[in-house]
Amino acid sequence: MATSGTASTFRPSVSASSRLTHLRSPPSKVPLFTPLPSSRSRSFSVSCTIAKDPTFLMAEAENTKTAGSDPTLWKRPDSFGRFGKFGGKYVPETLMHALSELETAFYSLATDDDFQRELAGILKDYVGRESPLYFAERLTEHYRRENGEGPLIYLKREDLNHTGAHKINNAVAQALLAKRLGKKRIIAETGAGQHGVATATVCARFGLQCIIYMGAQDMERQALNVFRMRLLGAEVRGVHSGTATLKDATSEAIRDWVTNVETTHYILGSVAGPHPYPMMVRDFHAVIGKETRRQAMEKWGGKPDVLVACVGGGSNAMGLFHEFVDDTEVRMIGVEAAGFGLDSGKHAATLTKGDVGVLHGAMSYLLQDDDGQIIEPHSISAGLDYPGVGPEHSFLKDMGRAEYYSVTDEEALEAFKRVSRLEGIIPALETSHALAHLEKLCPTLPDGARVVLNFSGRGDKDVQTAIKYLEV
Amino acid sequence: MSSTKIQIRGQPLFKVLTRNHRMINSVVCGVPIKRQHRVSNVLRTSDPPLGSVPTRTDESQFLRGDGNGRFGRFGGKFVPETLMSPLRDLEDEFDFVLNDHEFQEELTTALRDYVGRETPLYFAGRLTEHYKNISQTTGGGPEIYLKREDLSHCGSHKINNALGQAMIARRLGCKRVVAATGAGQHGVATAAACAKLSMECTVFMGTTDIEKQSSNVLSMKLLGAQVKSVEGTFKDASSEAIRNWVGNLETTYYLSGTVVGPHPSPLMVREFQSVIGKETRRQAKQLWGGKPDVLVACVGSGSNALGLFHEFLGDEDVRLVGVEAAGLGLDSGKHSATLAVGDVGVYHGSMSYLLQDDQGQILKPHSIGVGLEYPGVGPEISFLKESGRAEFYTATDQEAVQACMLLSRLEGIIPALEASHALAFLDKLVPTLRDGAKVVVNCSGRGDKDLDTLIQRGMPSSLC
């Protein structure tokens, strides 16, 4: 996902033709999000309400009240697409209809047996699911303490999926959804190219026209992925405006969508963006957690004790966590990118160092300076290099349901090498962040604690990068 | 098959610690292994019948080779005396593990959880439609299914064998594994398996191949393997690896990547790869309640082909089609079409077809699919050709590249250039088949490793 230059990319507004028919009061202009002066405190909470309708305000208060420590009572999301105060739909009016249409289609397909059957078949025969839950013997041994005690490490092998990462779960489902909606044209933006490749892949499979927006600078750095996308039949459009990177590509993609919304579906790659995307993308990835529950039951007759996943936008983490949110005895840990270090200013640790604001249509934590300008993030791994995070993660953090930590580039590279050597599986640099966190986590875990780590992608794409830094 | 290993219930299985472990009774394919083996490391161009032809009357048993590692007149054990003893040990060990419950369970678990088996049998709807449109028939046309070995850990079928053999190496007490690799897939698979089983790994690779498949070289190093470059290509790397093995017999295991070499290599590798065919039978039954009509696979040395074919050797109604590399054309002299234009001789320890000149010197093979670039072919494959059980054709570099691009565009799967040879042959095969014929193509690997090669060939305008 991209940075967009300012926190208030989308101007929230309500008009008479809005689909939000439950609003009874006349349309009102919502104030633009304006940052407070630098003396603001950490506990500042943004209230950027869509309307002055008191019933709405009450509903929100209701949500927060009941959203105590019982996750089963949480609305994830509510009818506005909110997770607590996070989420929502901060988009231009032209996109409101498309989003509502998407939401309606999504809900109806959830109960459509034909769709579910077709999707299950594709996930099995095309993507290669179910992915194994693999007991990492040598990694477990590595973390065994001197007295012989230690946790048991299991890896959920999303790296074995077609195209080598979890991304395809969502891409395949959204492409199928787009077909159902009668859309023939798919657009997406991409930074390093992974999401672009996944999108181009499914478009080839379903015979859909595919246009990928990519910053001209990124195209130069990722020539191999550009070639791959073209080989798969996609058109890769270079974006030369701004810094010619991901955030500019996103703006271009959104511009395209606004212009061609009748014929075009925008495949968003993560659990960020306006409602219904965070919910949809999470639900499409939820197969990861569902399988894990079943496999854990088969393997050891119980549930995992700890779930660990890397967090960029947050899709692979939500895919694993979602199934277990209501199981309060299952600990959930997200690991973000600390880049050169949290104090260096060059990182992507949104939940640790960010503040609440609106980015790309949703309210969530994001990396912003005192003027509300987006801070350019950094991580050695392109997939974690995002200044925002999915709103549901922001919610889970605030509710204390999930814990979030961060890992530097260096620690990630060490884990990359370690796991390659110990298990013969080369992890993606993104996944390496989750693997690196095991170093701090495992010594604190009781004997026999079962850790399931989402092995979100394979590292073939990162071999050239890693070799530069590692002595091999 | 019987075994004399006695395991006392409740006691840990006696682990093999030394290389002197012997089985009293070794049985392979229902025939006891004879202790006298003929040694001959002579390279011949003429082919007088060697060894005795098995007298079994059961046709399918005959097709599976005899206890001496012979498939008809092909195969055998043409090695220096120093290797006879370790090869015997290997035979014994392999024979044991075939029936050892503990080994088989460990292997099955690893294949499921580590490698990601079973691989799907995927109905390629758009590819099927493409051929239907070309032929403009009114009927349904044949149906094309892809056996997705590209989804396996490390990206090809090679891991099935690397894992099985690495487990045997560990049982034999070896600390070190050596292997030779062409495209790098076998090297990566071996490095991965050795990392998992905590063994040292040295991979020999030809200098030309190292250049063409550099990403695989980096992967091997990351997985902890040592990569040694050898002047030339796969055949030269193989020779060097064998030399290294012979020089370190006590501690080292030679992990062959394909169905060539002296007995028991062809048999062992084929057995480990045969999981492909076994799954295919089960999946075909589930999907359409029958068997495949035609099986298609690319043939370099023949491991992925035999892995798919072996299960169906006894099913006469299943056609077996192998596709070799015609490189720049059979007349150009730059190809690897061993079965098409080769002669019988002995190479790397076994008798088989090979590309040789009039003086019996090995010819330098060529293919854009580096994994197919081998001047020999597995003895069992030679036998399948000679007995007429399987048919063999060829596809050129150009045809393979076209097929790669077609599958990418139609199905969103970028196949390895090796597998693309099998896909290329569909152009000629499909028009000859009846409507509804079920074709299973072994998609033996993914094409990420070949992107640089494809880029160098330039982008045809039809892609943009």
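This tour moves through a predicted model, from an annotated stretch of chain A to the meeting of two domains in chain B.

Begin by selecting residues 129-457 of chain A, where an unreviewed UniProt entry places the feature "domain: Tryptophan synthase beta chain-like PALP". Coloured by secondary structure, this stretch is 40% helix and 20% strand, and its end C-alpha atoms are 14 Å apart.

Next, turn to chain B and give separate colours to domain 1 (70-112 + 157-261) and domain 2 (115-152 + 264-456), as the domain assignment divides them. The C-alpha centres of domain 1 of chain B and domain 2 of chain B lie 23 Å apart, and at their interface 49 residues of domain 1 are in contact with 53 residues of domain 2. Between them these two domains of chain B bury about 4,200 Å², with 66% of that area on carbon and sulfur atoms.

Now show the side chains across this interface, where the rule finds 2 salt bridges and 17 residue pairs in polar contact, both residues of each pair being at pLDDT 80 or more. The side of domain 1 of chain B that touches domain 2 of chain B draws at least two residues from each of several elements, including strand S4 (74-75), helix H2 (81-99), helix H5 (158-171) and helix H9 (234-247) of chain B. Select H5(B) on that side, since it gives the most, with 8 residues; by residue class, the whole touching side of domain 1 of chain B divides into 21 nonpolar, 20 polar and 8 charged residues.

Finally, centre the view on Glu373(B) and Lys212(B), whose side chains meet in a salt bridge with an N to O distance of 3.7 Å.

Technical notes: Residues are numbered from 1 along each chain as its sequence is written. Chains are lettered from A and ligands numbered from 1 in the order in which they are written. This is a predicted model: local features need pLDDT of at least 70, side-chain atom pairs count only at pLDDT 80 or more; totals for chains, interfaces and linings use all residues. Side-chain values use heavy atoms; hydrogens and water are left out. UniProt positions are given in the numbering used here, feature names are shortened, and annotations may be inferred rather than shown by experiment. Helices (H or I, at least four residues) and strands (E, at least two) are DSSP runs, numbered from the N terminus. Domain bounds come from an automatic or database domain assignment. Contact means heavy atoms within 4.5 Å. Buried area is the accessible area (1.4 Å probe) that two parts lose on being put together, summed over both. A salt bridge is a side-chain nitrogen of Lys or Arg within 4 Å of a carboxyl oxygen of Asp or Glu. A polar contact is a pair of N or O atoms within 3.5 Å; within protein, one must be able to donate a hydrogen and the other to accept it, and residues adjacent in sequence count only if both atoms are side-chain atoms. Ala, Val, Leu, Ile, Met, Phe, Trp, Tyr, Cys and Pro count as nonpolar, Asp, Glu, Lys and Arg as charged, and the others, Gly among them, as polar.
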